[in-house]
Amino acid sequence: MEHQTCPVSVQRSQQRPPTMLPAASVALMPSSASSSSSSAALISAYAPEPPTPAPSPTPYGGYFFPRDGHLSNESEDIELHDADDTSVEHSDVEELPPLERLAHDFAALELDQRKALLAALFRASDTATLSFVLEFVSPLLKVDPFRVLPTELCLRVLSYVDDPKTLARAAQVSRRWAMLVSDDIIWKGLCDRLNYDDHFTPAIAAQTASAHRRSFDNPAAAANDAALALATATAPQTQPPTRPVSMLVASPPTAPTPLTTLPVTVTSSTLGTTEVIRDLPLMKSTYTPVLAHAYRPRTYRAFIKQRYMIDSAWLSAGTVAARHVTTDQGVVTCLHLTDKYIAVALDNSRIHVFTADGRLLHTLLGHVMGVWAIMPWGDTLVSGGCDRDLRVWDLVTGTCKRVMRGHTSTVRCLKMSDSRTAISGSRDANLRVWDIETGECLHVLTGHQASVRCLEVYGDICVSGSYDTTAKVWSISRGVLLHTLNGHFSQIYALAFDGEKIATGSLDTTVRVWSADSGQCLAVLQGHTSLVGQLQMSGDTLVTGSSDGSTRVWDLKKMVCVHRLAAHDNSVTTLQFDSRRIVTGGSDGRVKIWDIKTGHHIRDLACTFEAVWRVAFEDDKVVVLASRQNRTHMEVISFAPPADEIL
């Protein structure tokens, strides 16, 4: 069969030379020749049917790569359509460099043709070339799932991330990732899983959840509010004191200062006018204003970042925000922390009141002997001591509002059940219930045969521990005895009460756990070898400290010791714990931090003291009261990051 050619193609081929194939295409053409009949059959089989009017031909005229994607095994001189019918764009392609022209031609192929060409190239490549192709192609095949998945599924995936640091890094991947990570619903779930939710203000949480925010507010307003609140709390009062003798303290400098004496002026209103009696240099102070703890985050993301930075600072950092040194010796008997105040009582008849960040507000003078018990409630503080009196103080003005008398010996312990009811225990073996608004004694609780050493209050129930080896359970409102807890063989020095369980620590080295409802002893916890003088209970966890230098963590569900901490070389004088850590202080002058879950020692605070009397901490600070060189030292160590680093 003779080869039939297109007349138009022949005529044009006589006028101009045929168009040359690209180099890559020529290399792939078979070298063997076949008959003209086979060539005609190939053209007739794969040539596109001529449309009307005829379109511009493809770069390869539709002949070299068949529609089925397979290369032809036959090779012969196939005449291509001339370029006269091509568009301007095709003419421009001819002028491109060879590699760019090849890429353009490859892009013009159909999918099956591309696959066939690549398969031929790969079969002709060596191992090194294929390795290069693999390294080059692998990144191109990776797909960002968050770009193709719906937003709801992306948020669902991110909700399983339990590490705040991982989420923070994810926000740096791309704008899409940053938008997803900024959704506060993710951080709210993380807050719940990390047990941070109990520290977040409910009002702020409701605002955050309802707004479902994806951007963060500027904390400047919160910082200004905090500064205003602090300035209001520390502003000097213009009204004269209403009691015969009261204390007014000159405002400390607002900038960091060296240890300079802060004068305390005692004033009297008995003559109807304010009269300066004397100046007493009671305290040397260094104070650095720290407002970071007053900043309240407005989103869950900012809140978790603040919490994460605080927890990290507990492990390795901390800044001394305030340091106060008394000019005389005094043993610290009580330390209390509230949202607004730090209250410290000493055995030299003085009570020092500071702001929450350690700025000295007042030194309360009125007791004539040592102060052994104090209890703050809002802006009110009740105190008792060796002079057998109870005094009610206004912490805003620093004035004594009233004096309540009735005990016949030292007031040794003191608690409050509500804003106007105080319960005091004395060495006269009695407890008294007071109305601090009127100064009236509501009930006298008798029954102990020796000094009342400690007491705890929960709701309307009061539990007292005595040197007569017993503990008693009382009804505050009715003033009656409910249960007497017998079992210890020596004096009771400490107790803890959560409304259901009572734990008592004694000189007989044991800790007993009681039922508050029935008064029955549930367990006897043994292990200490000396006086158990420190107790704290929360949920099913009890932490005890002893004069043998050890601290023990107990599981009250199983009534077993979980961790034994070789805490100090001498007596454990103070302890406190929360859901993450235990802080202990001892007569060896050291303050230690422990992991409550593992019992591992985290670190010692960088404090050099001769003896530590009291330690109390909150989420972002720890307050240490200790002795050094016959002086009482107070240090406020802050772990709070600056407010501008939280966002």
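In which helix does Phe 132 lie? Select residues 127–141: this is helix α7, and Phe 132 lies within it. The model on display is predicted, and the tour below proceeds from this helix to the whole chain, then to its cores, its loops and its annotated repeats.

**Stop 1: a nonpolar surface patch**

Keep α7 selected and show the side chains of Phe 132, Phe 136, Val 137, Leu 140 and Leu 141. Together these residues make a nonpolar surface patch of about 550 Å². Phe 132 has a relative accessible area of 52% and is therefore classed as exposed, the threshold being over 50%.

**Stop 2: the whole chain**

Zoom out and colour by secondary structure. The chain has 15 helices and 35 strands. Of its 647 residues, 45% count as buried. A surface representation would show an accessible area of about 32,000 Å², with carbon and sulfur atoms contributing 54% of it. If contacts are restricted to residues at least 6 apart in sequence, 49% of them join residues at least 24 apart.

**Stop 3: the largest nonpolar core**

Select Leu 158, Trp 187 and Ile 304. These are the residues with the most contacts inside the largest nonpolar core, which has 18 residues. Extend the selection to α9 (151–158), α10 (164–170), α11 (175–181), α12 (184–193) and α15 (300–316), the elements that each give two or more residues to this core. Helix α12 supplies the largest share, 4 residues.

Now centre on Ile 304. Beyond residues up to four places away in sequence, Ile 304 touches Pro 164, Trp 187, Leu 190, Cys 191 and Tyr 196.

A second, separate core has 17 residues. To locate this second core, select Ile 593, Val 615, Ala 626 and Phe 639, which are among its members.

**Stop 4: two loop residues with positive phi**

Most residues other than glycine have a negative phi. Two exceptions can be inspected in turn.

Select Ser 349, in the loop between β6 (341–346) and β7 (350–355). Its phi is near 80°, a positive value. Is Ser 349 buried or exposed? With a relative accessible area of 13%, Ser 349 is buried.

Next, select Asn 630, in the loop between β34 (621–628) and β35 (631–638). Phi of Asn 630 is also positive, near 60°. Asn 630 counts as exposed, at 52% relative accessibility.

**Stop 5: a buried loop residue, Leu 556**

Select Leu 556, which is placed in the loop between β27 (551–555) and β28 (560–565). Although in a loop, Leu 556 has a relative accessible area of 5% and is buried. Which residues are in contact with Leu 556, apart from neighbours within four places in sequence? They are Lys 501, Val 513, Leu 525, Met 537, Gly 539, Asp 540 and Leu 542. A distance label drawn from Leu 556 to Leu 522 should read 9.7 Å, C-alpha to C-alpha, for a pair 34 residues apart in sequence.

**Stop 6: the annotated repeats**

Finally, colour the spans that the unreviewed UniProt entry annotates as "repeat: WD": residues 378–403, 404–444, 445–484, 485–524, 525–564 and 565–604. Two of these spans may be isolated for inspection. Residues 445–484 are 60% strand and 0% helix, and their end C-alpha atoms are 13 Å apart. Residues 485–524 are 55% strand and 0% helix, with the end C-alpha atoms lying 13 Å apart.

Notes. Residues numbered from 1 in each chain as written. Predicted model: local features only at pLDDT ≥ 70, side-chain atom pairs only at ≥ 80, totals over all residues. Heavy atoms only, no water. Buried < 20%, exposed > 50% of the residue type's maximum accessible area, 1.4 Å probe, protein only. Contact = heavy atoms within 4.5 Å. Areas by Shrake-Rupley, 256 points an atom, 1.4 Å probe, with all protein chains shown as cover. Core = buried A, V, L, I, M, F, W, Y, C linked by side-chain atoms within 4.5 Å. Patch = residues over 30% accessible without salt bridge, like charges linked within 9 Å, V, L, I, M, F, W, Y side chains within 5 Å. Salt bridge = Lys/Arg side-chain N within 4 Å of Asp/Glu carboxyl O. UniProt positions renumbered as here; feature names shortened; annotations may be inferred.
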